[in-house]
Amino acid sequence: MTTGTVSLRAGADARRAIVIDAAGAADSSVAGAKAASLAALVRDELPVPPLCVTTAVYDRLLATLDDADRQALEAPPEQNEALTHLGACVRARVREAGLPAEDVTELLAGFDDRFAPDALVSVRSSAVGEDSAHQSFAGQFDTYLCVTRA
């Protein structure tokens, strides 16, 4: 487990992946509250997942959406059915657009730095405000188990 330093592959304003260690994930605006909390656990010498995708990747994905989709996300509908429909539409558009090549390269390099080539990892989606003092959304998003590099 790496402690005390952060391994960045991109400029400070465009970090795509950070190592979760005592210093690296302390900024919740970059890594989210969950990663910042995990960094605190590292300071207490507890084992944590080693890598976190940053909000910069999410921001670039949002930039691929058209104005109507972005506006809908900024003021989501209150009715559950409409919200579910909006989420499904946006998810489909993001999947269709895919990650920019530079993000893919960066994230795979982070994977290669931290895991063996045949490693099976879990991937969990999260949000910047998730698991805050005022909101708890643990387990509300997607989790994928036994994910390979391919």
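1. How much area does the chain expose, and what share of it do carbon and sulfur atoms supply? The exposed area is about 9,500 Å². Carbon and sulfur atoms supply 55% of that area. Please keep in mind that this is a predicted model.

2. Overall make-up. The chain has six helices and four strands. Their order along the sequence is β-α-α-β-α-α-α-α-β-β. Of the 150 residues in the chain, 26% are buried. Take the contacts between residues at least 6 apart in sequence: 50% of them join residues at least 24 apart.

3. The core. Six residues form the largest nonpolar core. They are I20, A35, L38, V42, V48 and C52. Helix α2, residues 33-43, gives the most to this core, with three residues. L38 is worth a look in the viewer. Beyond its neighbours within four places in sequence, L38 is in contact with I20, V48 and P49. Two of these partners, I20 and V48, are listed in the core as well.

4. A36. This residue also belongs to helix α2. Is A36 buried or exposed? A36 counts as buried, because its relative accessibility is 18% and the cut-off for buried is under 20%. A36 is 16 residues from I20 in sequence. In space, the C-alpha atoms of A36 and I20 are 8.1 Å apart.

5. Helix α6, length. This helix covers residues 101-114, which is 14 residues. What span should α6 have at 1.5 Å a residue? The expected value is 20 Å. The end C-alpha atoms of α6 are 20 Å apart, so the model agrees with the expectation.

6. Helix α6, faces. The buried residues of α6 are D103, E106, L107, G110 and F111. Seen down the helix axis, these buried residues fall within an arc of 140°, so they line one face of α6. The general rule behind such a pattern is simple. An α-helix has 3.6 residues a turn, so residues three or four places apart point the same way. The face of α6 turned away from the buried side carries the exposed residues A101 and T105.

7. D69. This aspartate sits in helix α4, residues 67-74. D69 is buried because its relative accessible area is 8%, against a cut-off of under 20%. What does D69 touch, leaving aside its neighbours within four places in sequence? D69 is in contact with V90 and R93.

8. E45. The backbone here deserves a check. E45 has a positive phi of about 65°, although E45 is not a glycine. E45 is found in the loop between α2 and β2, the strand at 51-53. E45 counts as exposed, because its relative accessibility is 69% and the cut-off for exposed is over 50%.

9. C146. Here too phi is positive, at about 60°, and C146 is not a glycine. Where is C146 found? C146 lies in strand β4, residues 143-147. With a relative accessibility of 57%, C146 counts as exposed.

10. Cysteines. How many disulfides does the structure hold? The count is zero. Among the cysteines, C89 is partly exposed, because its relative accessible area of 24% falls between the cut-offs for buried, under 20%, and exposed, over 50%. C146 is exposed, at 57%. C52 is one of the residues of the largest nonpolar core.

Methods:
Residues are numbered from 1 along each chain as its sequence is written. This is a predicted model: local features need pLDDT of at least 70, side-chain atom pairs count only at pLDDT 80 or more; totals for chains, interfaces and linings use all residues. Side-chain values use heavy atoms; hydrogens and water are left out. A disulfide is a pair of cysteine sulfur atoms within 2.5 Å. Buried means under 20% relative accessible area, exposed over 50%, partly exposed in between (1.4 Å probe, protein chains only). Helices (H or I, at least four residues) and strands (E, at least two) are DSSP runs, numbered from the N terminus. Contact means heavy atoms within 4.5 Å. Accessible areas come from the Shrake-Rupley method with a 1.4 Å probe; for residues, only the protein chains shown count as cover. A nonpolar core is a set of buried Ala, Val, Leu, Ile, Met, Phe, Trp, Tyr and Cys residues joined through side-chain atoms within 4.5 Å. The expected span of a helix is 1.5 Å times one less than its number of residues. The arc is that of the directions from the helix axis to the C-beta atoms.
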